[in-house]
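I opened the notebook to go through this structure one site at a time. My entries follow in the order I looked things up.

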Amino acid sequence: MTGAELVLKVLQQHGIQHIFGYPGGAIMPIYDALYDSDVEHFLCRHEQGAAFSAIGYARSTGKVGVCMATSGPGATNLVTGLADAMMDSIPVVAITGQVFSGLIGTDAFQEMDVLGMSLSITKQSFLVQSLDELADILHQAFEVAQSGRPGPVLVDIPKDIQIGAVDFEPYPIAQKQYPLLETNAIAKARDLIGSAQKPLFYIGGGVGMADAIEEMQDLLNATQIPAISTLKALGTVPADYPYNLGLVGMHGNQAANHAVQECDLLICTGARFDDRVTGKLDSFAPNAKIIHLDIDPAEIHKLRQADVSILADFKQLLPELAVTPSISTWQQHAADLKTQYAWRYDFPGETIYAPKLLNLLSQRLPFDHAVSCDVGQHQMWVAQHMLFSSPRNHLSSGGAGTMGFGLPAAIGVQVARPDCTSVVVSGDGSFMMNVQELGTIKRFKLPVKIVLLDNQRLGMVKQWQELFFEERYSETNLSDNPDFVTLAKAFDIPALSINQADQIEDGIDQLINSKGPFLLHVQIDEKENVWPLVPPGKANNDMLEGEL
Ligand SMILES: Cc1ncc(C[n+]2csc(CCOP(=O)(O)OP(=O)(O)O)c2C)c(N)n1
């Protein structure tokens, strides 16, 4: 067989049935092999769309997402997606075509050093240098993408290697290896938990990535310790857990932000003390001892010295920490904070209050749904006001905060989980960044539901200009947006525009009940801001609060 055929064989060996990509000269042999293959290819309308769809596929299933592009501009168009996957630890394998080996270094047509370019935004990158190593490198790529802390891997394959002849040999897929549990550290952690007066779980995306949601929920049930969540962890703590204090950080719930400042023990579980969570780092959880649980040694002591740290696979580790402390006063305080700072939806106006719409949408969606969002105010409203039953159902570009993520991610979700209601909540700025993927929805008849919150502004930047730049609104006005309903219809996607509170119910009904894709264009007031807000450089209990 050819090298190109071998690539597809290896993909199949790793259980890959769907890939996202865009063809071009240097990857034509692989596209030719694809013609007769059982692997289903989704032609996106931009390589960035392919990368985000692969991420959506991976995030909503826990499997590896695969994307493909040609050399040069095809590969550089993947780069933002790879960086996004790196920041959020998402297992993605990107395959790029490269010019003939003999032409590398000659400035050949569409020759670019993708290996060099990708090194800082992938877990590992490979340039295949001979046919003999092709299969091994591809297997390694899957192994690296999924093992330990997951992440993206790039495999760059010169065209001569794609067309050369090679034998295919079956390859044993490696069993997952776990680090041995550190019994001393576990004993110390148990002591700290057992003697704490005000312990708090600070839960990050690592729990979902380790597929340890059930173990985490069992641990919460056993310990009854209050919990706060990062953006990536939303959906890990059950909504009805009495001490679920919700999202922590810059736009977090006040209950979560106060609790973290008051706790005496913070059990950081698969989180990384990101600046959007901690605010001013020195002032974060000032009275707390720290237990740091992670699979990646690079995270331990990186930003906050841990009193006890444990490197482990969470599926094995979490059951070992089931200690029940006597903390009834603290539990009562957490429950009181939760009540005191519950979100309010009694907005008085006749126009549409986006948090209320999203909260209602969340209640109406069928059980099997996933919400992908873009970046900005609408992203924070999704995190605050929609409820999730698993982090696999909430896809948000957290670490990189990449506008344009939502629509292609929702496509990846829909391909991976055809029976799921895949929703994207986007802003008018973000939506235009990968709007061409409406073509992918049309081509594959994907029933993606689009909620477009249109404030005719780059809202989040405008909010900062208002609060921190003396209302000097530099380049954030989008009042010349296209007519989004007409735009959707050009792709055969039915659409409805609403701008009054009394149109919300009907809008949501039409969105959910449509058999195919649907775009709900929601016109909202450009003055609406996201609250609360921890201003840059401030402590988490210095939150600004707006008014309804
Ligand atoms: C690719 C990219 N470019 C720029 C930014 C900076 N940025 C963050 S939020 C934002 C505004 C987003 O506007 P919109 O999508 O309309 O959402 P809104 O905040 O209005 O809800 C911008 C420009 C970014 N995060 N990503």
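**Ligand site**

I began with the shell around the ligand and asked which helices build it: α16 (377-385), α18 (428-431) and α20 (459-468) each supply at least two residues. I keep in mind that this is a predicted model. I listed 17 residues around the ligand, and Q377, G401, G429, S430 and G459 come nearest. Sorted by class, the shell holds 6 nonpolar, 9 polar and 2 charged residues.

Next I looked up polar contacts to the ligand. I found a polar backbone atom of G401 at 2.8 Å from a ligand nitrogen. For S430, a polar side-chain atom sits 2.7 Å from an oxygen atom of the ligand. M460 uses the backbone: an N or O atom there is 2.9 Å from a ligand oxygen. I then checked the cover. On its own the ligand has 590 Å² of accessible area, and the protein covers 76% of that.

**Salt bridges**

I counted 15 salt bridges. I then took up three pairs and a network.

The first entry is E215 with K315, a side-chain salt bridge at 3.3 Å, N to O. This pair links distant parts of the chain, with E215 in helix α10 (residues 213-223), K315 in helix α13 (residues 314-317), and their positions 100 residues apart. Is E215 buried or exposed? I have E215 as buried, because its relative accessibility is 17% and the limit for buried is under 20%. K315 is at 34%, so I noted K315 as partly exposed.

The second entry is E299 with K302, where the closest N and O atoms are 3.3 Å apart. E299 has 6% relative accessibility and therefore counts as buried. K302 reaches 43%, so K302 goes down as partly exposed. I followed this pair outward and found a network of salt bridges that links R149, D296, E299 and K302.

The third entry is R364 with D509, a salt bridge with its closest N and O atoms 3.7 Å apart. Here too the pair links distant parts of the chain: R364 belongs to helix α15 (residues 354-364) and D509 to helix α22 (residues 504-513), 145 residues apart. I logged R364 as partly exposed because its relative accessible area is 33%. D509 has 35%, so D509 is also partly exposed.

**Surface patch**

I looked for nonpolar side chains on the surface. F100, L103 and I163 form a nonpolar patch there, with about 250 Å² of accessible area together. I placed F100 in the loop between β4 (92-98) and α5 (114-118). F100 counts as partly exposed because its relative accessibility is 35%.

**Backbone notes**

I checked peptide bonds and phi angles last. Which residues does a cis peptide bond join? I found W531 and P532, with omega at about -5 degrees. P532 lies in the segment after β18 (518-523).

Q224 is not a glycine, yet its phi is positive, about 55 degrees. I located Q224 in the loop between α10 and β8 (227-229). With a relative accessible area of 24%, Q224 is partly exposed.

E475 is not a glycine and has a positive phi of about 60 degrees. I found E475 in the loop between α20 and α21 (484-490). Why did I mark E475 as exposed? Its relative accessibility is 74%, and exposed means over 50%.

Note on methods
Residues numbered from 1 in each chain as written. Predicted model: local features only at pLDDT ≥ 70, side-chain atom pairs only at ≥ 80, totals over all residues. Heavy atoms only, no water. Patch = residues over 30% accessible without salt bridge, like charges linked within 9 Å, V, L, I, M, F, W, Y side chains within 5 Å. Areas by Shrake-Rupley, 256 points an atom, 1.4 Å probe, with all protein chains shown as cover. Salt bridge = Lys/Arg side-chain N within 4 Å of Asp/Glu carboxyl O. Helix = DSSP H or I, 4+ residues; strand = E, 2+ residues; numbered from the N terminus. Buried < 20%, exposed > 50% of the residue type's maximum accessible area, 1.4 Å probe, protein only. Near = heavy atom within 4 Å. Polar contact = N/O pair within 3.5 Å; in protein donor to acceptor, adjacent residues only side chain to side chain. Nonpolar A, V, L, I, M, F, W, Y, C, P; charged D, E, K, R; others polar.
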